[in-house]
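Please examine the model shown here and follow the account below.

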Amino acid sequence: MQLSLVVCALPLLLVSSSATSYGCDLHDPSNPCYIAGGGASDLGPDPVPFSTRAYWMRRAIAALADINEGSPCPFAAFGSVIVNHTAPGKGTGEGDRADQLGVEVCIGANSLVRDGNPTLHGEIAAINNCSRILTDPDGPYKLSGPEALQALSDLSLYTTAEACPMCSSAILYGGFREYIFSTSIPTLRSLSWPQIVIRSREIFSRSVGRLSVHRTRIIGDVLANETEQLFKWQYADGECPSGCEKKEGSGCVKPTTLNDSTGKDEL
């Protein structure tokens, strides 16, 4: 069954049943879990141009403001976008060739404090949003539950930071085609962020049975130079991200602007 914009037939890439463990049992930066799992994919050269990767990672960054009342500097700056690269999209218009960007299906951002739900990290919030959109009987896709699960295997998840073990497991169980992260867990730890120090590839490498049949392309450190500023002020007293300013007692906030007609500050 072929569904417009969502489901495309993709070959399944088989993985050996024996998985290499990166030994992430120690919370020590010299442990292999800190050095394994970053950078390029282990499925060969990336078929998607870097300009396209950068475009969607910046969309994941923009999702933070979209979901957090316009603030580009929420405390938990974990934003995600889920994209269909198997569907025709608009071109970049660069040079003589227009690279196909694909189609945005949904966005998400860390909402655990707002919603009182400790599972709502950015990646899981995005997956939940996509599930609602894909199965909405009045929406553009109108998929059944089984069809929506199948559709996930053709989608790519972009996120501003490497997923925690909970979110990595959700991406694994979802069978996503690709998972692209920016700031790594080691970098978050260097900025004093509390973490369960198990890298994403460690989670994926331990999968067995049916979970090991579908290989997810994992690409790390995309635009890390742009996303790291989002995480420097919360625990390490670093500078605020672009578009934000320090406010005593509140950390980094969206600056206020003066309304010329009323003379009042507006957010």
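In this predicted model, the lining of the largest pocket divides into 12 nonpolar, 6 polar and 3 charged residues. The lining comprises 21 residues in total, and those nearest the centre of the pocket are Phe75, Ala76, Phe78, Asn110 and Leu112. The space enclosed in this pocket is about 440 Å³. Helix H3 (112–115) and helix H4 each supply at least two residues of the lining, and the largest share, 3 residues, comes from H3.

H4 also leads from the pocket to the sheet. This helix lies across strands S1, S2 and S3 (156–161), and runs at about 135 degrees to S2. The sheet itself is open and has 5 strands in the order S2-S1-S3-S4-S5, with mixed pairing. Strands S2 (103–109) and S5 (217–219) each have a single partner strand and stand at the edges, so one side of each is left without a neighbour in the sheet. From one strand to the next, the twist averages 15 degrees. The pairing of S1 (residues 79–84) with S2 is antiparallel and extends over 6 bridges; here asparagine 84 stands opposite valine 103 in S2.

A further partner of H4 is another helix. Two packed helices are described by the angle between their axes and the distance between the axes. For H4 (residues 122–135) and H6 (residues 165–174), the angle is about 35 degrees and the axes are 8 Å apart. In this packing, Glu123, Ile124 and Ile127 of H4 meet Met166, Cys167, Ala170 and Ile171 of H6. By class, the contact has 6 nonpolar residues, no polar residues and 1 charged residue.

Methods: Residues numbered from 1 in each chain as written. Predicted model: local features only at pLDDT ≥ 70, side-chain atom pairs only at ≥ 80, totals over all residues. Heavy atoms only, no water. Axes fitted to C-alpha atoms, helices over the stretch in contact; angles between N-to-C directions. Helix = DSSP H or I, 4+ residues; strand = E, 2+ residues; numbered from the N terminus. Contact = heavy atoms within 4.5 Å. Nonpolar A, V, L, I, M, F, W, Y, C, P; charged D, E, K, R; others polar. Pairing = 2+ DSSP bridges. 1 Å grid on protein atoms, 1.4 Å probe; cavity = no way out; pocket = protein on both sides within 12 Å on 5 of 7 lines; lining within 4 Å. Points joined across faces, edges and corners; volume = space filled by probe spheres on them.
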